[in-house]
Amino acid sequence: MAANGSVRRKTQDLPATLKPSRSVSHATQTPEPSPSPIDTMPLQLPPSESADGVPASKRKQSSPMMPAFMVSAPGKVIVYGEHAVVYGKPAIAAAISLRSYLLVSSLSKSHRTVTMRFPDIQLEHTWNIDELPWDVFSAPGKKKYYYDLVTELDPDLVIAMQPHIDAVSPKVPEAKRKIHHSTACSFLYLFLSLASRKTAPCVYTLRSTIPMGAGLGSSASISVCISAALLLQIRALSGPHQDQPPQECELQIERINRWAFVGEMCIHGNPSGVDNTVSSGGKAVLFQRRDYNKPPRVIPLHSFPELPLLLVNTRQSRSTATEVAKVATLKAAHPALTENILNAIGLVTESAHELLTSPGFDPTSPVALKHLGDLVTINHGLLVSLGVSHPKLERIRELIDHTGIGWTKLTGAGGGGCAITILKPQPTTLQNGNTNGNGVGNHDSSSEESDSGSEEIDSSASILSTRTKLKHKILDNLEIKLENEGFEKFETTLAGDGVGVLWPAVLHNGNEEEGGEEIDQEKFLRAEGTEGIELLVGVAGVGVRRKIEREVREGWKFWRSWEGGFA
Ligand SMILES: Nc1ncnc2c1ncn2[C@@H]1O[C@H](COP(=O)(O)OP(=O)(O)O)[C@@H](O)[C@H]1O
Ligand SMILES: C[C@@](O)(CCOP(=O)(O)O)CC(=O)O
């Protein structure tokens, strides 16, 4: 390793798992890892590496199994249809660009340990691989393979795993221990199901930019990361690669998704499956569950536009169960009325779906965007009628409405959690959030222009750039106001990529010949906040001051079924 921390080596070949040639068959055995070029490639862990508790200086030097690699998966928002979806109406959920990142670092063969390092929740635990209950997990009738569909947790396997979960964070307070145990359960159930006792010793380090417990699918995103990482390690995935046909790509995503659902069951008990589906595949889906005894209808919405999205977290904790119960109580008291509101929400989703799937749909058309935006506003009003908003959500909506920058609604269960705003191409109010005292933003002629979508015919570059600057100024002012009131603002993108891989975990900053910068555990752990993590893992804005405009992820590869399979 060079003194500056960068590794001087040529780009490594993708491992067998990422190469197009290998086709994965539905064999009856989970294949044991076979030697590949990367297995013999020496990759020294940084001297500071000490997750297994052995001082680096005392450790026997031997070659680790494979270079460190990263996987990443997004969070999600419900764009239309929450609550009504509980009553059999359709909902639309989309991926967001806030993501979890999992770094997988192999240890040398002399180690017999597997370590979870999940600093976001102050969780770190190391198991001895040889002490884990492999016999129970691989017993006849119990063994599950990477291609299996697992729809419930096996109680015998859960019991066998329990002592190893109980050993996690025994001394931390009860509430925190519960969180540690559900995360550990998700990891260990997948590890024991997919890996084997011959698995290479590894450290799994996870950082997430998704706020936890705010309805943004943070748990699904970590389950997708764990599932993808393990499937890659056991060579049960091919791709993403350039020539991958869409069907093969879909198969890979489905394989990851199925096991992520198992991880979700460990955390949530009875998850709907929408969060892991969106997190695995990315973009957006229409989701409907008419009969709870049957699998839900999930239709990918490949035409959903990648829109800039403002996401504001009330930081007000809420319980999905409580909010769902509120609607049930309302429905019992006012059956016809509530049914009509739920039907109206269903119509909102259907209207969006119709537009998104209409033959001439143009995602860049301001008219189409206004249609989608109006539906956001209507949807929020209906959710308010159901009683699932919260004064903090209303305050956020009020602050944002005053600026005229977009269409806002609560997302998810409500009662706290987050609000989302689909941004207009240009703000309709040019007062930087000033209002006329009636709670209505001041409008001028340009606001009318923008509302009708006529900025398209405004070809003056200088005017456009003035407007863009203005938009940034409005967003900056808004950020200050939101922060002053204790809210947390994220600028993100709607309907982006699903699960992705950075193999090896090395960034080249555009220069393939000059080696690259290795993302090691210490750097990953030291990265500060969302910005620090994104900077480290190669997320960058393209030629604009605010990254909200467009993002690139250098070196990352994604399974994209909507674009012929690869990106
Ligand atoms: N960054 C993270 N690190 C470790 N565990 C996480 C992380 N993010 C989420 N989790 C797990 O997921 C749970 C959050 O799930 P939940 O409350 O349903 O929120 P969400 O709606 O964001 O999925 C946490 O209790 C924890 O078990
Ligand atoms: C209110 C509801 O429609 C969505 C809840 O979403 P979340 O828990 O906030 O991600 C409930 C559900 O669909 O199970």
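**Exercise 1. Determine which helix gives the most residues to the shell around ligand 1 in this predicted model, and describe that shell.**

Solution.
Step 1. The elements that each supply at least two residues of the shell around ligand 1 are α3 (174–194), β6 (202–208) and α4 (218–233).
Step 2. Of the elements, α4 makes the greatest contribution to this shell, with four residues.
Step 3. The shell of ligand 1 comprises 19 residues, and the closest are D120, S208, G213, S218 and S219.
Step 4. Sorted by class, the residues around ligand 1 are 10 nonpolar, eight polar and one charged.

**Exercise 2. Establish where ligand 2 lies with respect to the two domains, and why.**

Solution.
Step 1. The chain is divided into domain 1, which covers 69–289 + 498–566, and domain 2, which covers 307–493.
Step 2. Around ligand 2 there are 13 residues, of which E82, G215, T320, G412 and A413 come nearest.
Step 3. Helix α7 (residues 320–333) gives the most to this shell, namely three residues.
Step 4. By class, the shell of ligand 2 holds five nonpolar, six polar and two charged residues.
Step 5. Because domain 1 and domain 2 both give residues to the shell, ligand 2 lies between them.

**Exercise 3. Characterise the side of domain 1 that touches domain 2.**

Solution.
Step 1. The contact between the domains involves 28 residues of domain 1 and 33 residues of domain 2, with C-beta atoms within 7 Å as the criterion.
Step 2. On the side of domain 1, the elements giving two or more residues are β2 (69–80) and β3 (91–106).
Step 3. Strand β3 provides the largest share of that side, five residues.
Step 4. The class division of this side of domain 1 is 16 nonpolar, five polar and seven charged residues.

**Exercise 4. Identify residue ranges where pLDDT stays under 50, and state how the coordinates there should be read.**

Solution.
Step 1. The average pLDDT of the chain is 81, and 77% of the residues score at least 70. The model has an ipTM of 0.96 and a pTM of 0.82.
Step 2. Residues 1–62 have pLDDT under 50 throughout; for them the model has 90 contacts beyond four places in sequence.
Step 3. Residues 430–460 likewise stay under 50, with 47 contacts beyond four places in sequence.
Step 4. Predicted coordinates should not be read in detail where pLDDT is low.

How values were computed:
Residues numbered from 1 in each chain as written. Chains lettered and ligands numbered in written order. Predicted model: local features only at pLDDT ≥ 70, side-chain atom pairs only at ≥ 80, totals over all residues. Near = placed C-beta within 6 Å. Nonpolar A, V, L, I, M, F, W, Y, C, P; charged D, E, K, R; others polar. Domains from an automatic or database assignment. pLDDT = per-residue confidence, 0-100. Contact = placed C-beta atoms within 7 Å.
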